[in-house]
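Q: I am new to this entry and would like to learn how to read it. Where should I begin?

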Amino acid sequence: MNEKQMAGEKAAEFIEDGMILGLGTGSTVYYMLQELGKRVQGGLNIHGVSTSKATTNLAKSLNIPLCSINDIDGIDLTIDGADEVDGELNGIKGGGGALLYEKVVASMSSKVIWIVDSAKRVDSLGRFPLPVEVLPFGSRYLFRIFEKEGLQPAFRKKGEALFITDSGHTIIDLKVPRMEDPQKTASWLDGLTGVIEHGLFLNMADLLIVGEPEGPTVVHRK
Ligand SMILES: O=C(CO)[C@H](O)[C@H](O)COP(=O)(O)O
């Protein structure tokens, strides 16, 4: 079994009857959804809140019931992937472009579990390009600011065209190697007009499940 599948299937064990579940996005979440679909078929009663069109389509194909985020007051558990995770369970997300909805869903959740393969664990964040979701209007100006800061910005592309998120924004990927103070970087980005959201997810994950050659490891946030 590959590591993503191992992590995804292990996470499904944390799902309980009656839960409102945040459903993340990506190739690791794919495996969790397959397992969840089987349990729903077996009689498990849950409602999912999707973080992307891709997850909505997959969940529907597996007959997983979905509800609208604006019809609920909170989410019991969210299971999502991550692009890299440090020892404090801070991470970078958004490789799949769903960071905005993923962060909204995580913020509303009583518990957040991330599922990753072992290659995603890092000592400090910054190896993976940091996605910044921006308003297309004025995005060139933001691009220039990032350039001046030496962050080697790149507009994310889908083929020849710009990548457009589910909420109609564009993404600028930044290189922030050896990020010494992720909170400082997050606060700086939060303060820039036109930045809708960024992929630094700090103090959000409660549990990390890592697929490893010997089996899944469960890591709790200290
Ligand atoms: O943040 C995400 C999407 O916006 C994904 O969770 C992240 O990119 C990990 O994806 P994968 O499980 O395919 O490696």
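A: Begin with burial: a residue is buried if 20 or more other C-beta atoms lie within 10 Å of its own. The model here is a predicted one. By that count, 46% of the 222 residues of the chain are buried.

Q: What secondary structure does the chain have?

A: The chain comes to 6 helices and 15 strands.

Q: How is the overall form of the chain judged?

A: The radius of gyration is compared with that of a compact globule, which for 222 residues would be near 17 Å; the chain has 17 Å, so the two agree. The C-alpha trace spans about 55 × 35 × 35 Å along its principal axes. Contacts add another view: among those with a separation of 6 or more, 75% join residues 24 or more positions apart.

Q: Into which domains is the chain divided?

A: Domain 1 takes in 3-121 and 202-220, while domain 2 covers 130-196. Their C-alpha centres lie 25 Å apart.

Q: How many residues of each domain are in contact with the other?

A: As a general idea, the size of an interface is often given as the accessible area lost when the parts come together. Here residues in contact are counted instead: 11 residues of domain 1 meet 12 residues of domain 2. On the domain 1 side, helix H4 (residues 99-107) gives the largest share, with 3 residues. By class, that side has 6 nonpolar, 4 polar and 1 charged residues.

Q: Which residues come nearest to the ligand?

A: There are 17 residues around the ligand, and Gly26, Thr28, Gly81, Gly95 and Gly96 come nearest. Two elements give two or more residues each to this shell: helix H2 (27-41) and H4. H4 thus appears in two places, since it also gives 3 residues to the side of domain 1 that touches domain 2.

Q: What classes of residue make up the shell around the ligand?

A: The shell has 10 polar, 4 charged and 3 nonpolar residues, with Gly counted as polar.

Q: Why is helix H1 described as largely enclosed?

A: An α-helix has 3.6 residues a turn, so residues three or four places apart point the same way. In helix H1 (residues 3-12), 10 of the 10 residues are buried, so the helix is largely enclosed by the rest of the structure. Among them are Glu3, Lys4, Glu9 and Lys10, along with Met6 and Ala7.

Q: Which elements do the buried residues of H1 pack against?

A: They pack against H2 and three strands: E3 (75-80), E6 (109-117) and E14 (207-211). H2 also gives residues to the shell around the ligand.

How values were computed
Residues are numbered from 1 along each chain as its sequence is written. This is a predicted model: local features need pLDDT of at least 70, side-chain atom pairs count only at pLDDT 80 or more; totals for chains, interfaces and linings use all residues. Domain bounds come from an automatic or database domain assignment. Two residues are in contact if their C-beta atoms, placed from the backbone, lie within 7 Å. Helices (H or I, at least four residues) and strands (E, at least two) are DSSP runs, numbered from the N terminus. A residue is near a molecule or strand if its C-beta atom, placed from the backbone, lies within 6 Å of it. A residue is buried if 20 or more other C-beta atoms lie within 10 Å of its own, exposed if 12 or fewer, and partly exposed in between; C-beta atoms are placed from the backbone. The radius of gyration is taken over C-alpha atoms; the globule rule is 2.2 Å times the number of residues to the power 0.38.
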